[in-house]
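Let's take a walk through a protein together. Have a look at the chain as a whole before we move to its parts.

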Amino acid sequence: MPGKTFTRDWFTKHIPNWMRWLRRFEHQPVHALEIGSYEGRSACWMLDNVLTHPESRLACIDPFQAADGRLARFLANTEEYGFRCRLERAPSSLVLRRSGHPLYSIVYVDGDHRTSMALEDLILVWPLLATGGVLIIDDCDGRGGRDRRPLTAANAFMDCYEGQFARLRGGETPGQIALEKVPKEEPA
Ligand SMILES: C[S@@+](CC[C@H](N)C(=O)[O-])C[C@H]1O[C@@H](n2cnc3c(N)ncnc32)[C@H](O)[C@@H]1O
């Protein structure tokens, strides 16, 4: 991305899948939420390629606790989007419990990778996701110790919320799970 500064790239390999999963939101006025933004690589890509409608917005949640320059790079990299990109500098567990969220069409969970915290993020974002919206969960490659394995959280979530989503298939790169929210069946 010309004019931007990044030191890490966990994202580029997923772009073919993201195009497939998110193309339908291009030029639509939608709200997106990203938990875990780092230097803004995935955020900038969404803003440039999916959130292209002038009324589309991206909310980023990241506490930016590490004093390693990532916050300064995030701010510089996202400056050009102005109010279309908003940062909540706090842990997701605090922000997601607040009221006043819009219904999001896209949610990307890539924040605290501890298994319990990843599960908490999934449970807290689900009511905020619109029907027809897409939830993408990162780092579901099964690596990491037992207490740091988002795949365990994703599997537990999918077991408990069965019937409320359709799994979107990805091609080239494994390691992410994408779920489309489907209308909830009310008990008879
Ligand atoms: C893997 S990086 C995100 C990468 C980014 N999505 C990208 O593709 O370039 C994980 C980020 O999650 C953030 N993070 C850690 N704990 C968090 C929490 N409780 N809530 C939100 N973000 C958190 C970290 O500060 C870090 O910037």
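What radius of gyration would a compact globule with 188 residues have, and what does the protein have? A compact globule of that length would come out near 16 Å, and the protein has 16 Å, so the two agree. Keep in mind that this is a predicted model. Taken along the principal axes, the C-alpha atoms fill a box of roughly 55 × 40 × 35 Å.

Now follow the chain. The protein has six helices and seven strands. Starting at the N terminus, these elements run α-β-α-β-α-β-α-β-α-β-α-β-β. Among the contacts with a separation of 6 or more, 77% join residues that are 24 or more positions apart. Of the 188 residues, 37% are buried.

Let's zoom in on one element, helix 3, which spans residues 70–78. Which of its residues are buried? They are Leu71, Phe74, Asn77 and Thr78. These four lie on the same side of helix 3, because they cover an arc of only 135 degrees around the axis. And what covers these buried residues? The cover includes helix 2 (41–49) and strand 3 (85–88).

Finally, turn to the ligand. There are 17 residues around the ligand, and those that come nearest are Gly36, Arg41, Ser42, Pro91 and Gly111. How does the shell around the ligand divide into nonpolar, polar and charged residues? Eight are nonpolar, five are polar and four are charged.

Notes. Residues are numbered from 1 along each chain as its sequence is written. This is a predicted model: local features need pLDDT of at least 70, side-chain atom pairs count only at pLDDT 80 or more; totals for chains, interfaces and linings use all residues. A residue is near a molecule or strand if its C-beta atom, placed from the backbone, lies within 6 Å of it. Ala, Val, Leu, Ile, Met, Phe, Trp, Tyr, Cys and Pro count as nonpolar, Asp, Glu, Lys and Arg as charged, and the others, Gly among them, as polar. A residue is buried if 20 or more other C-beta atoms lie within 10 Å of its own, exposed if 12 or fewer, and partly exposed in between; C-beta atoms are placed from the backbone. Helices (H or I, at least four residues) and strands (E, at least two) are DSSP runs, numbered from the N terminus. The arc is that of the directions from the helix axis to the C-beta atoms. Two residues are in contact if their C-beta atoms, placed from the backbone, lie within 7 Å. The radius of gyration is taken over C-alpha atoms; the globule rule is 2.2 Å times the number of residues to the power 0.38.
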